[in-house]
Amino acid sequence: MLITELKANEVIRAAISGKVFVLNCHGCREIRFPEHEADAFQAELTAEGIVTGIFTTEYICNDENLSVILQPHAAAIQAADTILVFSCGVGVQTVAAMYPGKRVVAACDTYALPGFQGVTPLEHDCKQCGECYLNLTGGICPITACSKSLVNGQCGGAKNGMCEVDPSMECGWERIQKKLTALGRLDVLTKAPVQLRNYATDDLVNK
Ligand code: SF4
Ligand code: SF4
C-alpha cells in the first residue's frame, strides 16, 4: 500500500538516456498512482520517437512473475538504453536487480502510508522516504540497504565489505559503488551535489 507521485519532468529527463522502455506498475494504483501525469509524459516521449515499448502490468515487485511476463518484451528492452519505471521504490529496485547492466530510472517518488507493500514476501524494501534516491544509487536503496540510511556515501566503518552496525549484511554503500562502477556511472555520485534529506517528506501528514 504505497503512495507515489511523479518526479518533475526535467528530473526524469536528466536521468534517462537514449532509447527508453517504459514499465508501468498499476498493482497499487487504487491507493495513489499518478496515472494521468504518467500517461501524458509517456506520450511526450513517444512523440519524440525514443520509446522502444510501453508495458503496463501489476505487482512488478514479484520478480519471478515479472521475469515471465516481460519475456515477450525482451527485444524492446534489449533495444532500450534506459528502462523507465513508474512504480514505488520496491518495483524500481526489483527491475534494477533484474537488469544489472541497464540504466533503470525511477519516475516516481514514494511516500509513506502504513500498510503492506505489494505482494509479500518481497526481496527489496522501500522506507517510503518521499524523495527517491534510486537514480543516484544504481537502483539500490540507500535508506534500506544502509544501516544508517546515509544518502551521501558510506560512513567508513565497513570491514571487508560488511556493515559495521550489522556485520551479517553487506555494506549498502559498497554495493552501490560496485553497481555504479560496473555500469560506468560512478560520476552520477561523485558529481552530484550534497544530498540533504528532507524528512518532511517522510509521511503525508507533513505534505
Ligand atoms: S530511496 Fe529508498 S526509501 Fe526512498 S523512495 Fe526510493 S526506494 Fe523508497
Ligand atoms: S558500514 Fe555501510 S551499510 Fe553500514 S552504516 Fe556504514 S555505510 Fe551504511
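**Figure 1. Here is the set of residues around ligand 1.** Ligand 1 sits among Gly89, Thr110, Cys126, Lys127, Gln128, Cys129, Cys132, Tyr133, Leu134, Cys141, Ile143 and Thr144; a residue makes the list if its C-beta atom, placed from the backbone, lies within 6 Å of the molecule. Sorted by class, that shell has seven nonpolar, four polar and one charged residues. For the sorting, Ala, Val, Leu, Ile, Met, Phe, Trp, Tyr, Cys and Pro are nonpolar, Asp, Glu, Lys and Arg are charged, and the others, Gly among them, are polar. Keep in mind that this is a predicted model, where local features need pLDDT of at least 70 and side-chain atom pairs count only at pLDDT 80 or more, while totals for chains, interfaces and linings use all residues. Residues are numbered from 1 along each chain as its sequence is written, and chains are lettered from A and ligands numbered from 1 in the order in which they are written.

**Figure 2. Gln128, one of the residues around ligand 1, has a positive phi.** The phi of Gln128 is near 55°, and this residue is not a glycine. Look for Gln128 in the loop between strand E6 (108-111) and helix H7 (142-145); helices (H or I, at least four residues) and strands (E, at least two) are DSSP runs, numbered from the N terminus. Gln128 counts as buried because it has 25 C-beta neighbours inside 10 Å. The cut-offs are 20 or more other C-beta atoms within 10 Å of a residue's own for buried, 12 or fewer for exposed, and anything in between for partly exposed, with C-beta atoms placed from the backbone.

**Figure 3. Now for the shell around ligand 2.** Here 14 residues surround the ligand, and the closest are Cys146, Gln154, Cys155, Cys163 and Cys171. By class, the shell splits into eight nonpolar, four polar and two charged residues.

**Figure 4. Tyr59 also has a positive phi.** Its value is near 50°, again in a residue other than glycine. Tyr59 belongs to the loop that runs between strand E3 (51-57) and helix H4 (63-69). With 19 other C-beta atoms within 10 Å, Tyr59 is partly exposed.

**Figure 5. Thr56 of strand E3 meets residues from elsewhere along the chain.** The C-alpha atoms of Thr56 and Leu23 are 5.9 Å apart, although 33 residues separate the two along the chain. If you skip neighbours within four places in sequence, Thr56 is in contact with Asn24 and His26, contact being two C-beta atoms, placed from the backbone, within 7 Å. Thr56 is partly exposed because it has 15 C-beta neighbours inside 10 Å.

**Figure 6. Strands E2, E4 and E5 are linked by parallel pairing.** E2 (residues 20-25) pairs with E4 over five bridges, and E4 (residues 82-86) pairs with E5 over four; strands pair if DSSP finds at least two bridges between them. Between E2 and E4, Asn24 has Phe86 as its bridge partner. Across to E5, Thr82 stands opposite Arg103 and Ile83 opposite Val104. Four of the five residues of E4 are buried, so the rest of the structure largely encloses this strand. E5 (residues 103-106) is covered on both faces, with Arg103 and Val105 buried on one side and Val104 and Ala106 buried on the other.

**Figure 7. Helix H6 (residues 89-98) is largely enclosed by the rest of the structure, because eight of its ten residues are buried.** The buried ones are Gly89, Val90, Gly91, Val92, Gln93, Thr94, Val95 and Ala96. Their cover includes E2, H4, E4, E5 and E6. Gly89 turns up in the shell around ligand 1 too.

**Figure 8. Finally, here is the whole chain, with its nine helices and six strands.** The C-alpha atoms fill a box of roughly 50 × 40 × 35 Å along the principal axes. Of the 207 residues, 34% count as buried. Among contacts with a separation of 6 or more, 67% join residues 24 or more positions apart. As for confidence, the chain averages a pLDDT of 90, and 90% of the residues score at least 70; pLDDT is the predictor's confidence in each residue, from 0 to 100. Helix H5 (residues 74-78) has the highest mean among the elements, 98, and helix H2 (residues 29-32) the lowest, 67. Where pLDDT is low, don't read the predicted coordinates in detail.
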